[in-house]
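Colleague: I'm new to reading structures, and I'd like to learn how the words people use follow from the values. Could you take me through it?

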Amino acid sequence: MAEQTQAFTIEQFYKHLLQGKLMGAKCKKCGKVHLPPRPLCDSCFSKDFEWIELSPKGKLLTYTVIHVAPSQFQGMAPYAVGIVQLESGVKIPGMIRASPEHIKIGMQLTMDFGTCAATQQWPQWPRYFFKPV
Amino acid sequence: MKGKPLVSIVSAGLSKFGKLEGLYAREIFAEAAKEAFDRCPNLNPKKDIQALFVGHMGESYEHQGHTGATMADWAGLLHVPATRTEAACASSGAALRAAVYAVLSGLADVVMVGGVEKMTHRSTAEVTEYLAMASDYPFEQWHGITFPGLYALMATAHMHKYGTTEKQLAAVAVKNHYHGSLNPKAHMQKEITLENALSSRVIAWPLKLYDCSLITDGASCLILTKPELAKKYTDTPVHIIGSGQASDTIGLYERESFTSLTAARLAAKKAYEMADVKPENIDVAEVHDCFTIAEIIAYEDLGFCKPGEGGHLTEKGETKLGGRIPVNTSGGLKAKGHPVGATGTGQAYEIFLQLTGQADKRQVKNAEIGLTHNVGGSGATATVHIYRRG
Ligand SMILES: [Zn+2]
């Protein structure tokens, strides 16, 4: 598979999202799943990985509602962001598209990357969001 | 007496902390250096100081990098080997650690260590962006998570796990503002009420304006030497008896826990072991209260109380002047101010004053053993130092 030859990089993680796939890197030697992917397994120092598709579903571990935002996000404030533990066990942060009063620790969320588009010169990364299941 | 001296602090200096209009970082650093030189008449700075380490977080603030050499020049120390350390808000805690390495290695007998940041000339949005650079870019900054946002994620997790309340967070701010009101060099020297803190505007829920440290200009420095040379420079040295530093993942999301900082726990463990002291031996501490939740987590990581009890500790007044273990008598980052690069050695300055009986209205009676806890970013770096009166 051509995909297996793609470098295990953050850049490639986001390129996969643009193709509608949430991909992590699994160490072939010790089995640890890395998200984001990294070139060197921090557990066993192997450089031998394979891409695995991850479930976009998970539960909310913690969250906040940002009122004072950096310049480029000012138009969106206030917005909620949280850290989600995916079903595979890996954790990932992101914005939550739900009104703050409906957000609760432990709630089930799913990643929405259907509308992902790269917009600028660097970095050419899309943005994903989380929404209630 | 506990704790074998590793190195000795023979002098210390601190600029005024606040909005220092019209001054560049190098000019503010010179003010701190001048105080340290004046306090130590037996020192000949040009002849005696053999190295300079300077903590400085960002070149974005003044469009100026290469801070080590710049500060050496403007402190009158032209040609000394000068090195900048960067570890976000722990930049000068890391500089102090580097200075300890330098003296203990025998490469230098007398070193100056300090830190500086000039921030207030920038807009809040700009500073928010620069501070966020201490977090993970591709997954935290990219998704709109600010620096207060990271600590808010910890606060929400702490409240959920332990029942910590917004009122307990506010109690930290009230205490530190009270201490700041006793410190003529603090950025904010006015007391606030619980009501003020709880009704201030939301920055990143559950953190409100008064849960956040200040955007401040300032500089701080210390002069260190080998313990056997200390008496040559002062009758009242303060010995560093324990030094710990550790790192963790740059992204908060990758950590096992969001209610404790592993780097701080590891740094503290190392420092306590080296110093041969226990948390209950600490008479006064300066901890990294960049946000009120950070101070509560610090109590727990440093062993001042059990995990989950930090909120109660502050509510009961145990960390206030006169309490069991006064914390942030300077006003902390919350009221004294948080010029990020200057913070670590600024904390050591307060402990130096406390252990030499120079803390005036905020003096902790008979303070013999002190501690500083300096955190970078959301906890990817932590340094802990323990001090003993000489
Ligand atoms: Zn591995």
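Modeller: Happily; we'll go through some salt bridges and then the contact between the chains.

Modeller: First, some ground rules: this is a predicted model, where local features need pLDDT of at least 70 and side-chain atom pairs count only at pLDDT 80 or more, while totals for chains, interfaces and linings use all residues. Residues are numbered from 1 along each chain as its sequence is written, chains are lettered from A and ligands numbered from 1 in the order written, and side-chain values use heavy atoms, leaving out hydrogens and water.

Colleague: Why is the pair A:Lys32 and A:Asp42 called a salt bridge?

Modeller: The term asks for a side-chain nitrogen of Lys or Arg within 4 Å of a carboxyl oxygen of Asp or Glu. Here the closest N and O atoms are 2.9 Å apart, so the pair qualifies. A:Lys32 sits in the loop between S1 and S2 of chain A and A:Asp42 in the loop between S2 and S3, so parts 10 residues apart in sequence are tied together.

Colleague: What makes B:Asp301 buried or exposed?

Modeller: Buried means under 20% relative accessible area, exposed over 50%, and partly exposed in between (1.4 Å probe, protein chains only). B:Asp301 has 6%, so it counts as buried. Its salt-bridge partner B:Arg265, with N and O 3.1 Å apart, has 34% and is therefore partly exposed.

Colleague: How do you know that a salt bridge joins chain B and chain A?

Modeller: The count between these chains is one salt bridge. B:Glu254 and A:Arg38 meet at 3.7 Å, N to O, and that is within 4 Å, so the name fits. These two residues also belong to a salt-bridge network with A:Lys32 and A:Asp42.

Colleague: What makes a residue part of the contact between the chains?

Modeller: Contact means heavy atoms within 4.5 Å. Chain B gives 31 residues and chain A gives 36. About 2,900 Å² is buried between them, 68% of it on carbon and sulfur atoms; buried area is the accessible area (1.4 Å probe) that two parts lose on being put together, summed over both.

Colleague: Why are S4 of chain A and S5(B) said to pair?

Modeller: Strands are DSSP runs (E, at least two residues), numbered from the N terminus. Two strands pair if DSSP finds at least two bridges between them. S4 and S5(B) have two bridges, in the antiparallel sense, so they meet the rule. A:Val65 stands opposite B:Trp205 in S5(B).

Notes:
Helix = DSSP H or I, 4+ residues; strand = E, 2+ residues; numbered from the N terminus.
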